[in-house]
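Student: I would like to learn how to read the features of a model such as this one, step by step, before I use it in my own work.
Tutor: Then let us look at it together, and take each feature in turn.

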Amino acid sequence: MGGETLNATLEVIAANAVSLMCRGLSVSTSWFCSWRAAAPKRAERRAAREALLAGIGAIFGASHRRHGAPRSCH
């Protein structure tokens, strides 16, 4: 079996497997393909969010965990 033929065969198998799984999960194949294509962007947003939370945590820790605490007025 040639390399091109094998690749074409594997692509057909993968496409049919995706189609079968989508049908079983009651989602459209176009939705699944767009979801899969958006995975790198989701990972990028998740990493940015985690970096932001780490920065916020550092600032909060530097304020001795008092930032945003109510003031006591005498």
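Student: Where do Lys 41 and Glu 44 lie, and by about how much of a helical turn are they separated?
Tutor: Both residues belong to helix α3, and because they are three residues apart there, about one helical turn separates them. Their side chains meet in a salt bridge, with a distance of 3.9 Å from N to O, and the structure holds one salt bridge. Lys 41 itself counts as partly exposed, at 46% relative accessibility.

Student: What is the mean pLDDT of the protein?
Tutor: The model is a predicted one, and its mean pLDDT is 84, with 91% of the residues reaching 70 or more. Confidence is highest in helix α3 (residues 39-62), at a mean of 93, and lowest in helix α1 (residues 3-25), at 82.

Student: How many disulfides does the structure have?
Tutor: In general, a disulfide is a covalent bond that joins the sulfur atoms of two cysteines. Here the count comes to zero.

Student: Why is Cys 22 not in a bond with Cys 33?
Tutor: The closest cysteine sulfur to that of Cys 22 is in Cys 33, and because the two atoms are 6.9 Å apart, they are too far from each other for a bond; the cut-off for a disulfide is 2.5 Å. Cys 33 is likewise in no disulfide, the sulfur of Cys 22 being the nearest to its own.

Student: Are Cys 22 and Cys 33 buried or partly exposed?
Tutor: Cys 22, which is found in helix α1, counts as buried because its relative accessibility is 4%, whereas Cys 33 has 37% and therefore counts as partly exposed. The threshold that decides this is 20%, under which a residue is called buried.

Student: How many aromatic pairs are there in the structure?
Tutor: As a general idea, a pair of aromatic rings is described by two quantities, the distance of the centres and the angle of the planes. The structure holds two such pairs. In the pair of Trp 31 and Trp 35, the ring centres are 6.2 Å apart and the planes are at 15°, so this pair is stacked, given that planes under 30 degrees apart count as stacked.

Student: Where are Trp 31 and Trp 35 placed relative to each other along the chain?
Tutor: They are four residues apart in helix α2, and therefore about one helical turn separates them. Trp 31 is partly exposed at 45% relative accessibility, and Trp 35 is also partly exposed, at 41%. Together with Phe 32, these two residues form one aromatic cluster.

Student: What is the sign of phi at Ser 26?
Tutor: The general expectation is that most residues other than glycine have a negative phi. Ser 26, however, has a positive value, near 60°. Its place is in the loop between α1 and α2 (29-37), and Ser 26 counts as exposed because its relative accessible area is 67%.

Student: Which residues make a nonpolar surface patch?
Tutor: Leu 6, Leu 10 and Ile 13 make a nonpolar patch of about 270 Å² on the surface, and Ile 13 is placed in helix α1.

Student: How many residues apart in sequence are His 64 and Gly 24, and what is their distance in space?
Tutor: It helps to read the two separations side by side. His 64 and Gly 24 are 40 residues apart in sequence, and their C-alpha atoms are 52 Å apart in space. His 64 is found in the segment after α3, and it counts as exposed because its relative accessibility is 59%. For Cys 22 and Ala 47, the separation in sequence is 25 residues and the C-alpha distance is 28 Å. For Ala 39 and Glu 4, which are 35 residues apart along the chain, the C-alpha atoms are separated by 28 Å. Ala 39 lies in helix α3 and counts as partly exposed, at 32% relative accessibility.

Notes
Residues are numbered from 1 along each chain as its sequence is written. This is a predicted model: local features need pLDDT of at least 70, side-chain atom pairs count only at pLDDT 80 or more; totals for chains, interfaces and linings use all residues. Side-chain values use heavy atoms; hydrogens and water are left out. Buried means under 20% relative accessible area, exposed over 50%, partly exposed in between (1.4 Å probe, protein chains only). pLDDT is the predictor's confidence in each residue, from 0 to 100. Helices (H or I, at least four residues) and strands (E, at least two) are DSSP runs, numbered from the N terminus. A salt bridge is a side-chain nitrogen of Lys or Arg within 4 Å of a carboxyl oxygen of Asp or Glu. Patches are made of residues with over 30% relative accessible area and no salt bridge: like charges are joined within 9 Å, nonpolar side chains (Val, Leu, Ile, Met, Phe, Trp, Tyr) within 5 Å. Accessible areas come from the Shrake-Rupley method with a 1.4 Å probe; for residues, only the protein chains shown count as cover. Rings of Phe, Tyr and Trp (its six-membered ring) pair if their centres lie within 6.5 Å; planes under 30 degrees apart count as stacked, over 60 as edge-to-face and the rest as tilted.
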